[in-house]
Amino acid sequence: MTDPTVPRAGITARGVRRTFGDVVAVDHIDLDAPPGKVTALVGPNGSGKTTLLLVLASLLVPDAGQVSIAGFDPVTEPRAVRARTGWMPDVFGTWESLTCREVLLTVGDAFALPRAAAAARVDHLLELVHLADLRDRPTQVLSRGQKQRLGLARALVHDPDVVLLDEPASGLDPRSRIELRGIVRGLAAEGRTVLVSSHVLAELDEMADRAVIVARGRTVAVEEVAAAAQARRTWRVRALDLGVLLAALDARRTPHPPPDRDGVEVELGSDVEAAELLAALVRDGVPVVELAPASGVLEQAYLALTEDRR
Amino acid sequence: MSDDSLTSAAAPGPDDAAPGRAPAGTGVLLAERPMPGGSGSGTWSLGWTGVRTVAVLELRQRIRSTRWTAVLALWTGVLALLTILVRWAVHRIYDESFDGAGLAPGADEAAARLADQVAGRLTFGIIVFLVLSLAGLVSPALSATSINGDRQAGVLATLQTTLLSPAQIVVGKLLAAWATGLALLAAAVPFIGWIYLDGGTPFGRLVVVLAVLALTILVVCAIGLGWSAITARTSSSAVLTYLTVAFLGPGLPLLFALSVPLVTENRSVAVRQQLYTAEGAPTGCQVVQEERTITYTNRSWWLLAASPYVVVADASPKPLSAEGSDDPMSVIRDAVREARLGPRFPLEECYGDLARSQQFDDERRAQRASLGVTWPYGLAADLALGGLFVVVAVRRLRTPTRRLPTGTRVA
């Protein structure tokens, strides 16, 4: 039975644990992914991301913990979960001799979608992932990135409410990555719940609304990307004349480490402080070329939390 | 969903990276989609559309792999060669033995016709057993790597995370494998039909043979599918499937032979013996109690029943014209029934009494004929074994899963 206190949409995982023999893949993960938002699942290799997604995709029974996908329990109500969940695995094959279009139509059949509606949606999805011109080619001719895009389309065939993407950007060229970002944002804007696992952190800054950081199979932090941008972090300042810049910083008593070749890093409390610093430097006549975060929002948080990499 | 957002989705520029832009839609939403709710995994649901989806997927892949035509061509070629060779050899033997036997012209013709019929039956039996053996060799390849092969290729989970039930996946794969096997059988039909047209074989026998062959292929496909769900490595499942098929085919008769010591006992039994005069001339018969070594095949005959060779032989109607067992199928059929009857007491050892001997043989033949048929039990046992493997395969495909076979990935 569904717990009425659990929201009817989105993903909720509480205390999920999963072991394989004596290997603890997921130790204790708590995760919330609300609908209409993109939630990033971030963590080092072997931190249990893929195993957690397999649990969410109703393929593995957790040893302990509660999971709810769109209000349903994947262990006791797997069919209800599957009808509402699109899962793009990290490593997957395709039916090599089938064409792109046939692959997607087969998945549509497997979800018992009405044929005509499925065909229209499949054609649109092929456009969306830029495989329309390869639609009648067998998938064995696809490159790795193209297969990845087909995998994304495959996860979306049945119009799922919840989308699980495991390393969707791996193998994609820069343009495809940007397009992926657009698609993922679009899925969330349509009210779907999107959970993306990745370790390309810079990309997640722009794609994700929230990030759940896991390490050694445990949830170590949950970051709101917008809030994290307001946190104290390192910024990099570059000017045409480094000497003038350093003098201005010293005059403002802004602490800074020794400069490198053409710039210097400063610790700033928030975006507001950064704006103030920039205004002040310009007022002081410093020829500022660049003032930017030294690293991504998530990268900062991630590196701080996962030093004990294994 | 506006057209604008569709366009921007189709051709997003680098600017799309900027947060807050109009979202790229995923397009045509489905007005209606199946939305199962509530509990239950539906492991055993067997809706036809799902089965068809899997079967079509499998067959499409099989047909498009280029090896398929080569296999069919090779199979047909081997069958053609074997049929021609066997037919030639058998007819040569029979033509020689009936040629110039010094019979009257009319009798000669009748004898030649009889010889043709006997030769036809013999060829038919040999060809059927060859096709059965070849089918046993080829059929495992149709399904023995089906599930673990999909697992290795990372396409099994794609099906498992849809609304297809494990039973639909397994039965769909089984039907596709069976259909491929039936295509091979269809390629064999012209050769079996050719020998049938040579004469001597009842039509019922042709029908029964084809039916049993088709069902045997189904059972072998089910066994292969089961092993491919049980083992992680495709090579293991292939070997295990071949071993299981070998156990059923030649293995069970071999086991029957090896079990003879287990059913053999030294017993004091009634024996009908020849009496002799003082001069050593046979006079009459008498029944005495004597210690004998008796093999009770009536306790072990069932080992033979499930072998497809026995099933096909026992199920084929006997040719009406033929008195004796002059073809391989009748020989096997009679031998199995003889084993089923077991020893008969008193043991008949009064060989001098020819009339009595003949009567004994006639009684024995009548007893064999009155025995209920064996093949339904054998066929049922084979089908049950196949069913067991299907059930095992379905259970191994249930998700979400608690345990993984060692060395397998989920996806």
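How much accessible surface does chain B have, and what share of it belongs to carbon and sulfur atoms? In this predicted model, the accessible surface of chain B comes to about 19600 Å². Carbon and sulfur atoms hold 64% of that area. For chain A, the exposed area is about 12300 Å², and carbon and sulfur atoms supply 52% of it.

Confidence is considered next. The predictor gives the complex an ipTM of 0.84 and a pTM of 0.85. In chain A the mean pLDDT is 87. A pLDDT of 70 or more is reached by 95% of the residues of chain A. One stretch of chain A, residues 1-7, stays under 50. For these residues the model has 8 contacts beyond four places in sequence. Chain B has a mean pLDDT of 83, and 84% of its residues reach 70 or more. Over residues 1-24 of chain B the pLDDT is below 50. This stretch of chain B has 33 contacts in the model beyond near neighbours in sequence. Where pLDDT is low, the predicted coordinates should not be read in detail.

The overall build of chain A can now be described. Chain A contains 11 helices and 12 strands. Its C-alpha trace spans about 70 × 45 × 35 Å along the principal axes. Of its 310 residues, 55% count as buried. Contacts in chain A often link distant parts of the sequence: among those between residues at least 6 apart, 69% join residues at least 24 apart. Chain A carries 36 positive and 43 negative charges. The mean positions of these two sets of charges are 3 Å apart.

Chain B has its own make-up. Its secondary structure comes to 15 helices and 3 strands. Of the 411 residues of chain B, 46% count as buried. For contacts in chain B with a separation of 6 or more, 79% are between residues 24 or more positions apart.

Helix 6 of chain A covers residues 174-189. This helix has 16 residues and reaches 23 Å from its first C-alpha to its last. That is close to the 22 Å expected at 1.5 Å a residue. Which residues of helix 6 are buried? They are S176(A), E179(A), L180(A), R181(A), G182(A), I183(A), V184(A), G186(A), L187(A) and A188(A). An α-helix has 3.6 residues a turn, so residues three or four places apart point the same way. Several elements of chain A help to cover the buried residues of helix 6. The helices among them are helix 4 (115-128), helix 5 (144-156) and helix 7 (201-207). The cover also includes strand 3 (38-42), strand 6 (162-166) and strand 7 (193-198). Just after helix 6, G191(A) takes a positive phi of about 95 degrees.

Helix 1 of chain A, residues 49-56, holds T51(A). Is T51(A) buried or exposed? T51(A) counts as buried because its relative accessibility is 11%, and the cut-off for burial is under 20%. Beyond its neighbours within four places in sequence, T51(A) is in contact with R18(A), F20(A), A25(A), V26(A) and L60(A).

Positive phi values also occur in chain A in residues other than glycine. For A70(A), phi is near 50 degrees. A70(A) lies in the loop between strand 4 (64-69) and helix 2 (78-84). With a relative accessibility of 6%, A70(A) counts as buried. For R253(A), phi is near 55 degrees, again a positive value in a residue other than glycine. R253(A) lies in the loop between helix 9 (242-251) and strand 11 (263-268). R253(A) has a relative accessible area of 75%, so R253(A) is exposed. Thus A70(A) is buried, whereas R253(A) is exposed.

In chain B, attention turns to cis peptide bonds. One joins F345(B) and P346(B), with omega at about 0 degrees. P346(B) is found in the loop between helix 13 (328-341) and strand 3 (347-349) of chain B. Another cis peptide bond joins T399(B) and P400(B), with omega at about -5 degrees. P400(B) is found in the segment after helix 15 (375-396) of chain B.

Terms used
Residues numbered from 1 in each chain as written. Chains lettered and ligands numbered in written order. Predicted model: local features only at pLDDT ≥ 70, side-chain atom pairs only at ≥ 80, totals over all residues. Heavy atoms only, no water. pLDDT = per-residue confidence, 0-100. Contact = heavy atoms within 4.5 Å. Helix = DSSP H or I, 4+ residues; strand = E, 2+ residues; numbered from the N terminus. Buried < 20%, exposed > 50% of the residue type's maximum accessible area, 1.4 Å probe, protein only. Areas by Shrake-Rupley, 256 points an atom, 1.4 Å probe, with all protein chains shown as cover. Lys, Arg positive; Asp, Glu negative; His and termini not counted. Charge placed at Lys NZ, Arg CZ, Asp CG, Glu CD. Expected span 1.5 Å × (residues − 1).
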